[in-house]
Amino acid sequence: MATCRLCKGQYPQDQFIDGNGPRYLVCVRCAVDEGYLPENEVNSLYDDRTSRARMALYARRYGPMFWVVAGWFFWALSFSAIEFWGTLLLVALIVGTVSTPVLFFLRTAKFQAQLRRLTP
Ligand SMILES: [Zn+2]
């Protein structure tokens, strides 16, 4: 990992351009912004579309875990006192808690394939 001189971001070494002087320790994204490199020559650049797609992919993968935790929290705070809805939500939470890790591991291969496709 190295730090980009311009944006202060930390990236692996393959995200940096070669060169001295103003091109020294500049990441590919800043290099494109500063005009050191044309955009279509950089094959390791994460453009906006790719990074948005990666964010969505990570959100889809880790979102259910977040909702299970939030659901338990919410249930403990309020619904455990309400008899009918509390029980209904408890059943839904138990089903969700059991199925989320199972689905998580079942989808691991698909997630890694999709992530590889979105890695320039
Ligand atoms: Zn930079």
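**Entry 1. The nonpolar core**

I looked up the largest nonpolar core in this predicted model. The core has six residues, namely Phe16, Val26, Cys27, Val28, Cys30 and Ala31. I then took one of these six, Phe16, and listed its contacts. Leaving out residues up to four places away in sequence, Phe16 touches Ala2, Tyr11, Leu25, Val26 and Cys27. Val26 and Cys27 from this list are also members of the core.

**Entry 2. Leu25**

Leu25 appeared among the contacts of Phe16, and I looked it up next. Leu25 is found in the loop between S2 and H1. I noted that its phi is positive, at about 50°, although Leu25 is not a glycine. Is Leu25 buried or exposed? Leu25 counts as partly exposed, because 13 other C-beta atoms lie within 10 Å, and a residue is called buried only from 20 or more.

**Entry 3. Lys8**

I recorded a second positive phi at Lys8, of about 65°, and this residue is not a glycine either. Lys8 is in the loop between strand S1 (2-3) and strand S2 (10-11). I counted 9 C-beta neighbours inside 10 Å, so Lys8 is exposed; the limit for that class is 12 or fewer.

**Entry 4. Tyr36**

Where does Tyr36 sit? I found Tyr36 in the loop between helix H1 (28-34) and helix H2 (48-77). Tyr36 has 15 other C-beta atoms within 10 Å and is therefore partly exposed. Apart from its neighbours within four places in sequence, Tyr36 is in contact with Ile17, Arg23, Val26 and Ala31. Val26 and Ala31 belong to the core of my opening entry. I also checked a separation: the C-alpha atoms of Tyr36 and Asp48 are 19 Å apart, with these positions 12 residues apart along the chain counted as the spacing.

**Entry 5. Glu34**

Glu34 is placed in helix H1. Glu34 counts as exposed because it has 12 C-beta neighbours inside 10 Å, and the exposed class covers 12 or fewer. I looked up the separation of Glu34 from Leu6, which is 28 residues away along the chain, and the C-alpha atoms are 9.7 Å apart.

**Entry 6. Two residues of H2**

I turned to helix H2 and looked up Trp67, which is found there. With 13 C-beta neighbours inside 10 Å, Trp67 counts as partly exposed. The C-alpha atoms of Trp67 and Phe84, 17 residues apart along the chain, are separated by 21 Å.

Leu77 is also placed in helix H2. Leu77 has 9 other C-beta atoms within 10 Å and so is exposed. Between the C-alpha atoms of Leu77 and Asp33, which are 44 residues apart along the chain, I noted 49 Å.

**Entry 7. H2 against H3**

How do H2 and helix H3 (residues 83-106) pack? Their axes are 10 Å apart and make an angle of about 150°. I therefore recorded H2 and H3 as roughly antiparallel to each other, since angles over 145 degrees are put in that class. The crossing of H2 and H3 is left-handed.

I then listed the residues that make the contact. H2 contributes Pro64, Met65, Val68, Gly71, Trp72 and Trp75, while H3 contributes Leu89, Leu90, Leu93, Gly96, Thr97 and Thr100. Sorted by class, the contact of H2 with H3 has eight nonpolar residues, four polar residues and no charged residues.

Methods: Residues are numbered from 1 along each chain as its sequence is written. This is a predicted model: local features need pLDDT of at least 70, side-chain atom pairs count only at pLDDT 80 or more; totals for chains, interfaces and linings use all residues. A nonpolar core is a set of buried Ala, Val, Leu, Ile, Met, Phe, Trp, Tyr and Cys residues joined through C-beta atoms within 7 Å. Two residues are in contact if their C-beta atoms, placed from the backbone, lie within 7 Å. Helices (H or I, at least four residues) and strands (E, at least two) are DSSP runs, numbered from the N terminus. Axes are lines fitted to C-alpha atoms, for helices over the stretch in contact, and angles run from 0 to 180 degrees between N-to-C directions. Angles under 35 degrees count as roughly parallel, over 145 as roughly antiparallel, 65 to 115 as roughly perpendicular and the rest as oblique. A crossing is left-handed if the near helix is turned anticlockwise from the far one by less than a right angle, and right-handed if clockwise. Ala, Val, Leu, Ile, Met, Phe, Trp, Tyr, Cys and Pro count as nonpolar, Asp, Glu, Lys and Arg as charged, and the others, Gly among them, as polar.
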